[in-house]
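User: Please take a close look at one sheet in this model and at what packs on it. Give the cut-offs behind each term.

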Amino acid sequence: MSKFGVLPPRVVLDPLLRGWLLEDIGRGDRTTNSLLSEDVTAGTAKWVAKAPGIIAGLPIAARVFELLNEQVRFEAVVAEGVKCQPGQVIAEIHGSLDALLMGERVALNLAMGLSGISTLTHIYVEKIADLPAQLVDTRKTTPGLRLLEKYATAVGGAMNHRMGLDDAVMIKDNHIAAAGGIAEAITRIRSRIPFPMTIEVETEGLEQVKVALEYQADIIMLDNMPVDMMRRAVELIRQQDGRVKIEASGNITLETIRAVAETGVDYISSSAPITQSKWLDLSMRIK
């Protein structure tokens, strides 16, 4: 697992999983309940990868089955963050067949979606692996899935940006417009936020960068800047205030991320690993 990947605690995770199980099971699994006798029948299943990719979400999938029957044993054959190959067994599950059959879809959907995110994240990270810049994610996530999707980017090697609006101050273009300028926005916000919350400011040109420096922003985002302008902005910030962290953002692609990293920024934020990822194909086979 990536050093950044931290699972939500059960007090947070379990209500989400229970809700998704209820959505799928409804008033009962008609097929499984009609097929199996009232006696609990034990069985074994394997999860098999059908495409290459970075695995994420196996502990979450395990919890899905445990919520249906606490006696189910989910044994991960590969660790989180490990690359799998087509045909490779990635997990084995032992327990009552009704739990295995009822939990199959929810557990697989979660693992496939999260593994797809970690896979694409890893591809982005590899593009800049030899440079100091760190890839970070964004708040462009599926409602209800943010904690898990951001977990998957971390497994893929990215660092999480703020989880929500209460994590940190980020003054974006619409905030600047509402306040009447960067100076006004920073001044007003700084007097009202708790210590030691940081202030990040989105800038679109060198003049805005200068104002953000003057009013002592902690993090300056260079948003949608051409690479040449971004390089000049990095030089300006480094010369005036070495403590300020620099983030690049806006239309980051696999083709552009390396050039952006080479400007000397500290962080590169992109929604692409989540919004443009494709599910990793996994299947469950009962023996």
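Analyst: The account below treats the sheet first and then its helices.

This is a predicted model, in which local features need pLDDT of at least 70, side-chain atom pairs count only at pLDDT 80 or more, and totals for chains, interfaces and linings use all residues. Residues are numbered from 1 along each chain as its sequence is written, and side-chain values use heavy atoms, with hydrogens and water left out.

Four strands make up an open sheet with antiparallel pairing, in the order β3-β5-β1-β12. Strands (E, at least two residues) and helices (H or I, at least four) are DSSP runs, numbered from the N terminus; two strands pair if DSSP finds at least two bridges between them. The edges are β3 (73-76) and β12 (282-286); each has a single partner strand, so one side of each is left without a neighbour in the sheet. From one strand to the next, the twist averages 20°; axes are lines fitted to C-alpha atoms, for helices over the stretch in contact, and angles run from 0 to 180 degrees between N-to-C directions.

Strands β1 (residues 42-49) and β5 (residues 89-96) run antiparallel and are joined by seven bridges. Opposite W47 stands A91 in β5.

Helix α3 (residues 58-68) packs on the sheet and touches β1, β3, β5 and β12, where contact means heavy atoms within 4.5 Å. The direction of α3 makes about 170° with that of β3. Helix α4 (residues 97-127) lies across β1, β5 and β12, and runs at about 170° to β12.
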